[in-house]
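User: Could you take a close look at the sheet in this model for me, and at what packs around it? I would like one connected walk through that part.

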Amino acid sequence: LAGLETSLRLLQDEGLHAVFARHHRLGGAVRAAVNAWSTQGAVQLHCKDPEGFSSSVTAVEVAQGIDPEALRTVARERFQVAMAGGLGSLAGRAFRIGHLGDMNEPMILGALAGIEAAMRVQNIPYGDQGMSAAIAYLAEHTP
């Protein structure tokens, strides 16, 4: 109960509109990075319709022959970045990047850098402008 009370106080202090805007903004930065990474064809956004983009999580599909679980393991063990696996029909075909909770701009940039580093270790080809795209998005959209 103490944890719930603290969480509710944090939400109240920041304000729900600000919380929702932050989650939306962080999702935009993640999608900007993934779109830049996707230029090499190994990863792509699962959702293609901007109207369907989530403010809570971004699903990233991987090309056939890429093991998203191995990527998740490298990200977690070498770079301390936790990503979720694909669910349902995306199991074994995708990973998910969350941008909810107390996540903020420096935290999401750190997570994206860890994912990019893990892709490099796993020899997964990716467009090298992912971090630049995320930074540019945040520079334009952060109040």
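Analyst: Happy to; what follows goes through the sheet strand by strand, then turns to the helices and the pocket. Please keep in mind that this is a predicted model.

Let us start with the overall layout. The sheet is open and built from 4 strands, arranged in the order β1-β2-β4-β3 with antiparallel pairing. At its edges stand β1 (43-45) and β3, and each has a single partner strand, so one side of each is left without a neighbour in the sheet.

Now we can walk along that order. β1 and β2 run antiparallel and are joined by 3 bridges. One pair to look for here is Gln-44, whose bridge partner in β2 is Glu-61. The next step takes us from β2 to β4: strand β2 (residues 57-62) pairs with strand β4 (residues 94-98) in the antiparallel sense, over 5 bridges. On this seam, Val-57 has Gly-98 of β4 standing opposite. The last step is from β4 to strand β3 (residues 84-85), again antiparallel, with 2 bridges between the two. There, Ala-84 finds its bridge partner in Arg-96 of β4.

With the strands in place, the helices come next. α2 lies across β1, β2 and β4, and its direction makes an angle of about 140° with β1. α3 lies across β2, β3 and β4, running at about 40° to β4. Both β2 and β4 are thus crossed by α2 and by α3.

α3 also leads us away from the sheet, to α4. The axes of helix α3 (residues 68-79) and helix α4 (residues 105-121) come within 9 Å and cross at roughly 115°. The crossing of α3 past α4 is right-handed. On the α3 side, the contact is made by Leu-71, Val-74, Ala-75, Arg-78 and Phe-79, while α4 brings Gly-114, Ile-115, Ala-117, Ala-118, Met-119 and Val-121. Sorted by class, this contact has 9 nonpolar residues, 1 polar and 1 charged.

α2, for its part, takes us to the largest pocket, which has a volume of about 180 Å³. Its lining consists of Ser-7, Leu-10, Leu-11, Glu-14, Val-19, Arg-22, His-23, Gly-101 and Asp-102. At least two of the lining residues come from each of α1 (2-14) and α2 (16-37), and α1 gives the most, with 4 residues. By class, the lining is evenly split into 3 nonpolar, 3 polar and 3 charged residues.

To trace all this on screen, you might begin at β1 and follow the order β1-β2-β4-β3, then pick up α2 where it lies across β1, β2 and β4.

Methods
Residues numbered from 1 in each chain as written. Predicted model: local features only at pLDDT ≥ 70, side-chain atom pairs only at ≥ 80, totals over all residues. Heavy atoms only, no water. 1 Å grid on protein atoms, 1.4 Å probe; cavity = no way out; pocket = protein on both sides within 12 Å on 5 of 7 lines; lining within 4 Å. Points joined across faces, edges and corners; volume = space filled by probe spheres on them. Nonpolar A, V, L, I, M, F, W, Y, C, P; charged D, E, K, R; others polar. Axes fitted to C-alpha atoms, helices over the stretch in contact; angles between N-to-C directions. Left-handed = near helix turned anticlockwise from the far one by under 90°. Contact = heavy atoms within 4.5 Å. Pairing = 2+ DSSP bridges.
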